[in-house]
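This report goes through one protein model with its ligand, part by part. Please keep the sequence and the structure in view while reading.

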Amino acid sequence: MKAIVVDRNRPGRPLLWQDVADPSCGEDDVIIDVQATALNRADLLHREGNFPTTPGRSDILGGEAAGRISQRGSAVRAWSVGDSVVCLTLGGGYAERVRVPQRLLMPVPTGLSMAEAAALPEAYLTAYGNLFVNARLQAGETVLIHSGASGVGTAAIQLARLAGCRVIVTVGSAEKARLCEAMGADLAIRYHEEDFVARAMEFGGGEGVDVILDTVGAGYLQRNLELLALKGRLLLIGILGGTQTEINMRQIISKRLAVLGDTLSKYSVAELADMKDAFLRDFGEALDDGRLKPVVDRVFPIQEAEVAHQRMAENKNVGKIILTVREH
Ligand SMILES: NC(=O)c1ccc[n+]([C@@H]2O[C@H](COP(=O)([O-])OP(=O)(O)OC[C@H]3O[C@@H](n4cnc5c(N)ncnc54)[C@H](OP(=O)(O)O)[C@@H]3O)[C@@H](O)[C@H]2O)c1
């Protein structure tokens, strides 16, 4: 089969569409003929060689895929060859075929194209797991979502709105602000021009926010702690703004805050599967009836993965960038 291979010996680590060995199917696995995969910020790190790999993960980029099952292992009963599925992968999505443990599979939601389906797993499961499992976000609470226009951010806006929460986002441009508000954000703060703590406090009449989904890390840590209300929860899921900083810990104690870190890359298959099942239980109906719909930024043929990566690295996307692998 063909797959994207990172040429780590050449400057810029170019992405090459070339022949590689086919994945082999274990008894609890299926092989998916990939129709679409999607970019995640982690792919840029993986390409640089800065992503922690765990045993059993493919060295090929691509944390999610949508397509049709072309082979199933001897222990697979719930799925058949020909089924349309979407899933997180253990790497390997940027390829014509990928091996996936059966427990990670989801049916393609009614009404979604394969490109839209491929935009679903990583963004929604990250947003769902952090907001509703880790932070126990409740109806009526206020959540601040940093990088509101990102893949994860757009999913988080939709989920939090559906759950009856007030949603504030931070974004880097007026256009991203407009699009986030159109998606249902109550307030979009342009962080280059405005201080997000002051603006969010003003919006809430001096009350802090209950939950912050943070993609930035060090650069925002102290200000996030200042903005949280009593018993607030800070979810650290990204380090776009660095890893090291100094903070005043008084805020954490006196406001009884919880600071939680999370990364899907350190979940076991069983943990990923349990979270996917919980997500479908809570939001599957909303996916099928169109109240939840992945935001697709651009669709590129996989041979143009280089251009797609450039777009993400320049922070131009709103929602998910998709790579199409083949038509069936
Ligand atoms: N922990 C997990 O399991 C998990 C899973 C998936 C993603 N993530 C994290 O979630 C974040 C979003 O991922 P994604 O794939 O959805 O990314 P994405 O679509 O590429 O969006 C990232 C956005 O973050 C903003 N940004 C970039 N550098 C920044 C900086 N230095 N300071 C402030 N904002 C910055 C930019 O938007 P603006 O133009 O608005 O600034 C950029 O478009 C990343 O941090 C990623 O690592 C974590």
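## The shell around the ligand

Helix α3 gives the most to the shell around the ligand, contributing 3 residues; helices here are DSSP runs of H or I with at least four residues, strands are runs of E with at least two, and both are numbered from the N terminus. The model is a predicted one, in which local features need pLDDT of at least 70 and side-chain atom pairs count only at pLDDT 80 or more, while totals for chains, interfaces and linings use all residues. Residues are numbered from 1 along each chain as its sequence is written.

Of the 27 residues around the ligand, those that come nearest are Ser147, Ser150, Gly151, Gly172 and Gly238, where a residue is near a molecule or strand if its C-beta atom, placed from the backbone, lies within 6 Å of it. Two or more residues of the shell come from each of the elements α1 (41-48), α3 (121-134) and α4 (151-162). By class, the shell consists of 10 nonpolar, 13 polar and 4 charged residues, with Ala, Val, Leu, Ile, Met, Phe, Trp, Tyr, Cys and Pro counted as nonpolar, Asp, Glu, Lys and Arg as charged, and the others, Gly among them, as polar.

## Two domains and the ligand between them

The domain assignment of the protein chain gives domain 1 (2-120 + 294-324) and domain 2 (123-262); such bounds come from an automatic or database domain assignment. Their C-alpha centres lie 28 Å apart, and the contact takes 11 residues from domain 1 and 10 residues from domain 2, two residues being in contact if their C-beta atoms, placed from the backbone, lie within 7 Å. On the side of domain 1 that touches domain 2 there are 6 nonpolar, 3 polar and 2 charged residues. Because domain 1 and domain 2 both give residues to the shell around the ligand, the ligand lies between them.

## Helix α3 and its crossing with α9

Of the 14 residues of α3, 11 are buried, so this helix is largely enclosed by the rest of the structure. A residue is called buried if 20 or more other C-beta atoms lie within 10 Å of its own, exposed if 12 or fewer do, and partly exposed in between, with C-beta atoms placed from the backbone. Among the buried residues of α3 are Pro121, Glu122, Tyr124, Tyr128 and Asn130.

The axes of α3 and helix α9 (residues 269-288) come within 10 Å and cross at roughly 80°, the axes being lines fitted to C-alpha atoms, for helices over the stretch in contact, with angles running from 0 to 180 degrees between N-to-C directions. That crossing makes α3 roughly perpendicular to α9, in a scheme where angles under 35 degrees count as roughly parallel, over 145 as roughly antiparallel, 65 to 115 as roughly perpendicular and the rest as oblique. The residues Tyr124, Leu125, Tyr128, Gly129, Phe132 and Val133 in α3 meet Met275, Lys276, Ala278, Phe279, Asp282 and Phe283 in α9, and the residues of this contact divide into 9 nonpolar, 1 polar and 2 charged.

Lys276, found in helix α9, is buried, with 21 other C-beta atoms within 10 Å. Lys276 and Tyr124 are 152 residues apart in sequence and 9.4 Å apart in space, C-alpha to C-alpha. Leaving aside its neighbours within four places in sequence, Lys276 is in contact with Leu104, Met106 and Leu125.

## Two loop residues with positive phi

Most residues other than glycine have a negative phi. Arg136, just after α3, takes a positive phi of about 50°; this residue lies in the loop between α3 and β8 (142-145) and is exposed, with 12 other C-beta atoms within 10 Å. Ser147 also has a positive phi, of about 55°, although it is not a glycine. Ser147 lies in the loop between β8 and α4 and counts as buried, with 25 C-beta neighbours inside 10 Å.

## Val318

Val318 is placed in the loop between α10 (305-313) and β15 (320-324), where it is buried, with 23 other C-beta atoms within 10 Å. The C-alpha atoms of Val318 and Glu175, which are 143 residues apart along the chain, are separated by 9.4 Å. Not counting residues up to four places away in sequence, Val318 touches Ala149, Lys176, Leu179, Val295 and Asp297.
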